[in-house]
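Please look through the structure below with this briefing beside you, and take the topics one at a time.

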Amino acid sequence: MTDLPTTSATEVRVDGARRDTALERLKRLETLLGDPYDPANPLGQAAVLGADERGELPADGERALAEYGLGAEFAPAALGGRFERADRFALLMRAIFRRDCALGIGHGVTSFIAGLPIWSDGSPEQQQRAADLLCGGGRIVAAYTELDHGSDFTRISLAARPAADSGYLLDGGKQLVNNIGRAEAAVLFARTDGRPGSRGHSHLLVDLDALPAGHIDRTARYPTSGVRGCLLGGARFDSCPVPADALLGEEGGAMETVLKVFQVTRCVLPGMVVGVGDSQLRTVLAFAGERQLYGAPVSALPLPRSVLTDAFVDLLICDALSTVAARTLHLRPAEASVRAAAVKYLVPKLLQENSYRLGVVLGARSYLREGPYAAFQKAARDLPVVALAHASGAVCLANIVPQLPRLAERAWQPALDARTSRPDGDEALFRLHDPLPPLDFGRLELTTRGADGLAGRLPLFARDLARQAATRPELAELAGLAAEFSDALADLARRSAALPPLERTPVAGRRSFLLAERYVLLLAAAACLGVWRTARRSDGFLTDPLWVTAALHRLAGRLGPRRGPLPQAASGALFDELSARHDDARTFDLFRTRLAPRAVPVKGVAP
């Protein structure tokens, strides 16, 4: 597979002047990150682990990212920033998460999340002010969480009551807010109407440094076992005045905005966290190649090799689903609500399961906080924190459950009944290198209204593969798996349509949640098939049915019944690909991008 292309038609200025593309910036970022095993590298493993032990972010690493201008990646290009594509943004941030999950969150994602309601609802003046702050290296925090209410935003109690001379007076607190103690601005989710209902909360863009002393306290700090370097703090407001022009959008409109813009975070954040899984797999692969048992490397033993190859395949599944979901935000924003929930549910789940299995291969070393494998335990502690950010798996499935019957009626059954017609839409959803239109927040919807151009393609994929397998025997297994997923969609459509009224709500029982989980697996299978079908010849590995067959095999084992391991020939070929990428310092995702060159050989780490 060749390196990623470095230019696209959408990444050149209107006046024709060339500027850095996202992929070129990714290469620059990898160079900046440098050799992870160089003890003198401020973004190396030693610095990252040392800072984590102290419960802080690596200061030299933060300075390096500030000099790189990372803040500009969070602001739209139309406002002077560099954000244009959700898929490329996730890929770029993945490089930082591969090095240090806490640094990715603490120096990046928080400001990105905070910016979304501004780009969605803010006035031109508010948007430009926020973009200038981010591009200048400043920080904006997203202040939503209150410990008393968790993820239940409907009960959040920070009050913004009208002040006598216009504006608002803030009373109450926010907790577990990343960077609240050092940020220049905050987007506050506050109650502006005490009456029950969905129109009781508003967003306020607040200049934290301008608030009067004695009315705000930002000194609270909350230590955590994972992402220990993140400065998770709290703020307490006591009749704190803020001006009227702090209001973002309409008063009472924050809940609807949250439900829309969090679709963006749920699509892109899991794509970033794929980098954490990459690092864990790389660490254990190095150990398995160096550690000898019974006269051979651990990686030569059947069970450890199976764990390694399964983790590799799962990373490809995670990347396919998250990348397709990120492209959905641009191409099919009305369908993003269920896709975002699916990504946020499945990707953290797969990564955490593989973290456990890889830890078993690493053995007691998976607990060590120093030495060549110490990065593994840090990543294992970081992953659960990221998995819970903004929404747990149960919350994500609860977003899907009410939509199942309408999806069955309007999307899946018509796709199953079709014989020759193709589903609505083109193949751009799966073409990893195709340009994308700008992300239009106004086109995001609270529900899909029964549209599904992803899982609805499974019957088409199955029919096409059945025809191809008649003349290409190497596709027979893949065709059989695709047929299984098409049949599973038919079964899901039947069961979803038959759900009684109570089982169509977020408080449904186990049966509905199991159906939602099956739907997530069907979306992942469709994403993998779509990426494989549309891969370019120059993509090499992605055009090979090997990986997509293995991906569907893994996903089918979750649908049931339980399946055995991958066939030995397939497992061997996948391990060869995994080893080749490791030796060539390339990533384990769909893109196979080159990592920073290794300058310092370290015992226990393969070259």
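**Arg-592 and its surroundings**

Arg-592 is located in the segment that follows helix α17, and the model in which it appears is a predicted one. The briefing begins with this residue and its contact partner, then turns to a helix, a hairpin, a group of rings and two points in loops.

**Arg-592 and Glu-577**

- Although Arg-592 is not a glycine, it has a positive phi of about 55°.
- Arg-592 counts as buried because its relative accessible area is 12%, and the cut-off for buried is under 20%.
- Glu-577 has its place within helix α17, which covers residues 568-583, and with a relative accessible area of 17% Glu-577 is buried as well.
- When neighbours within four places in sequence are left aside, Glu-577 is in contact with Phe-312, Phe-541 and Arg-592.

**Helix α5**

- Helix α5 takes in residues 101-121, and at 1.5 Å a residue its 21 residues should span 30 Å, which agrees with the 29 Å that separate its end C-alpha atoms.
- The helix nevertheless has a kink of about 45°, and this kink is centred on Gly-108.
- Of the 21 residues in α5, 19 are buried, so that the helix is mostly covered.
- At the N-terminal end of α5, Asp-100 acts as a cap, with a side-chain oxygen 3.0 Å from the backbone nitrogen of Ala-102.

**The hairpin of β2 and β3**

- Strand β2 (residues 159-162) and strand β3 (residues 168-178) run antiparallel and are joined by four bridges.
- Within this pairing, Ala-160 stands opposite Leu-170 in β3.
- Five residues lie between the two strands of the hairpin, where Ser-166 takes a positive phi near 80°.

**Aromatic rings**

- The structure holds eleven aromatic pairs, and one of them is formed by Phe-83 and Phe-89, whose rings are edge-to-face, with 5.6 Å from centre to centre and 80° between the planes.
- Phe-83 and Phe-89 are both buried, and together with Phe-74 and Phe-112 they form one aromatic cluster.

**Backbone features in loops**

- The peptide bond that leads from Gly-560 to Pro-561 is cis, with omega near -5°, and Pro-561 is found in the loop between α16 (545-559) and α17.
- Asn-179 lies in the loop between β3 and β4 (185-191), and it has a positive phi of about 70° although it is not a glycine.
- Is Asn-179 buried or exposed? At 2% relative accessibility, Asn-179 counts as buried.

How values were computed. Residues numbered from 1 in each chain as written. Heavy atoms only, no water. Buried < 20%, exposed > 50% of the residue type's maximum accessible area, 1.4 Å probe, protein only. Contact = heavy atoms within 4.5 Å. Expected span 1.5 Å × (residues − 1). Bend = angle between axes of the 7 residues up to and from the residue. Polar contact = N/O pair within 3.5 Å; in protein donor to acceptor, adjacent residues only side chain to side chain. Pairing = 2+ DSSP bridges. Phe/Tyr/Trp six-rings, centres within 6.5 Å; stacked < 30°, edge-to-face > 60°.
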